[in-house]
Amino acid sequence: MRSLQTLVGQPVALIDTPSLVIDLDAMERNLASMAAFAKQYKVKLRPHAKMHKSATLALLQIKAGAAGVCVQKTSEAEILAARGVHNIYISNEVIAPHKLARVAALTRSVAPHGGRIAICVDSIDGVTRLAVCMNEARVSSGVTTSIDVFIEINVGQNRCGLEPGPAAVALALEIRKHPALSFAGLQAYHGKAQHLRTAQERREAITSAIQAVTQTRRLIEAEGLVVGLVTGAGTGTAALEAASGVYGELQAGSYLFMDADYASNELDPVQPRFEHALFVKTQVISTHADHVVCDAGHKSHAIDSGLPKVHAFSSRSKLEYFNGGDEHGVLRAAEGSTRLPSLGSLLWLVPGHCDPTVNLHDAMIGVRGGLLKGVVEKIISVDTRGALT
């Protein structure tokens, strides 16, 4: 980080390769677009900080109007809270008692700052364990705090979450028994829907999710409980949840950077438009008759959602990226392209999946003025890199 700071004020050309670079102008346009979109639909925005893993960017999102951020891990929440992010939703189940004790400690640490911690559950045992740890923390510290609890229902992700309907009612009634737990609403995130390629497929998936949420909320409220908030949605479907009148909070995260996988989706006219803002800068280190090789392999970008795309500044130089292993990428001219880049050429890759790509780097280099003639403005620490517990 200290050596990277010497880049501030320097031209883009001096950034070493491979490096993770943010086009700050594009990122800020994405930030403003999503903030305006949430305001238009009168829904809260709680972006996923697991995407960028940065307290600096989380605070930037909150300054732009976000209600707070989501994380998936207790350690992510701890690190962000220590860096001034005080409204955090752990949108995941936490079961281990020692982790729940850390969650309880977090509720106390953010309270003096007007902050709030939330968590989700999908089992009676999970509720009981959380309540025990919250009560133990109260006894040991003498400080009474509470935590917002969301019931996660499975709306199509087929990962965590209760099946919609009566099981969620029983869980809501169990939460009500514990003074330190505040029933906050339903977690209804459909991750698979974000990457269905056609707009019609995504619409059908979210229509089904909305029906499941509506049924579950009706059953819970029939027991005299209030479902305060339905939270969920991602970058690929946020407009559908926002327009539903059912979801009150969006958890979109990737909109800030975008990635090659999202770019493969068919555009939906109702969705906001976002730009690529996260890139891996790389250099051609070897040339051949039918391909060239760059210095950005899998150690610099994640491949779980496919290989990166080469950012094209000109239709005459379109390239395709092929697997070259840990340290190398093989580039070939795309159909219709007339030439391969020369030795030493600098190129920009759009990662297939931004979240795990960020987790491979200690820092992101923020550039102002574009990728070709811009200047390094800031170095942004990846604060929660490796925060897996």
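The following paragraphs lead through a predicted model, from its sheet to the helices around it and then to one loop residue.

The starting point is an open sheet of eight strands, paired in parallel and ordered β2-β9-β8-β7-β6-β5-β4-β3. Strands β2 (44-45) and β3 (69-71) stand at the edges; each has a single partner strand, so one side of each is left without a neighbour in the sheet. Helix α5 (residues 97-110) packs on this sheet, where it touches β4 (87-90), β5 (116-121) and β6 (147-152). The direction of α5 makes about 150° with that of β5. Elsewhere in the sheet, strand β8 (residues 229-232) runs parallel to strand β9 (residues 249-250), and two bridges join them. For T231, the bridge partner in β9 is E249.

Helix α5 also packs against helix α6, with the two axes 9 Å apart and at an angle of about 55°. The two helices are therefore oblique to each other, and their crossing is right-handed. On the α5 side, the residues that meet α6 are P97, L100, A101, A104, T107 and R108. Their counterparts in α6 are R129, L130, C133, M134, A137 and S141.

Helix α6 (124-141) is also part of what covers the buried residues of α7, together with elements that include β5, β6, β7 (181-187) and α8 (199-221). In α7 (residues 166-176) these buried residues are A168, V169, L171, A172, E174 and I175. The list thus holds E174 alongside residues such as L171 and I175.

Helix α8 can be checked for its length. At 1.5 Å a residue, its 23 residues should span 33 Å, and the end C-alpha atoms are 32 Å apart, which agrees. The buried residues of α8 are A199, R202, A205, I206, A209, I210, A212, V213, T216 and I220. Among the elements that cover them are α7, β7, β8 and α9 (238-243). Helices α7 and α8 thus each appear in the cover of the other's buried residues.

A final stop lies in the loop between β14 (329-333) and β15 (346-350), where G336 is found. With a relative accessible area of 65%, G336 is exposed, since the cut-off for that term is over 50%. The C-alpha atoms of G336 and K318 are separated by 8.0 Å, while the two residues are 18 residues apart along the chain.

Technical notes. Residues numbered from 1 in each chain as written. Predicted model: local features only at pLDDT ≥ 70, side-chain atom pairs only at ≥ 80, totals over all residues. Heavy atoms only, no water. Pairing = 2+ DSSP bridges. Helix = DSSP H or I, 4+ residues; strand = E, 2+ residues; numbered from the N terminus. Contact = heavy atoms within 4.5 Å. Axes fitted to C-alpha atoms, helices over the stretch in contact; angles between N-to-C directions. Buried < 20%, exposed > 50% of the residue type's maximum accessible area, 1.4 Å probe, protein only. Expected span 1.5 Å × (residues − 1). Parallel < 35°, antiparallel > 145°, perpendicular 65-115°, else oblique. Left-handed = near helix turned anticlockwise from the far one by under 90°.
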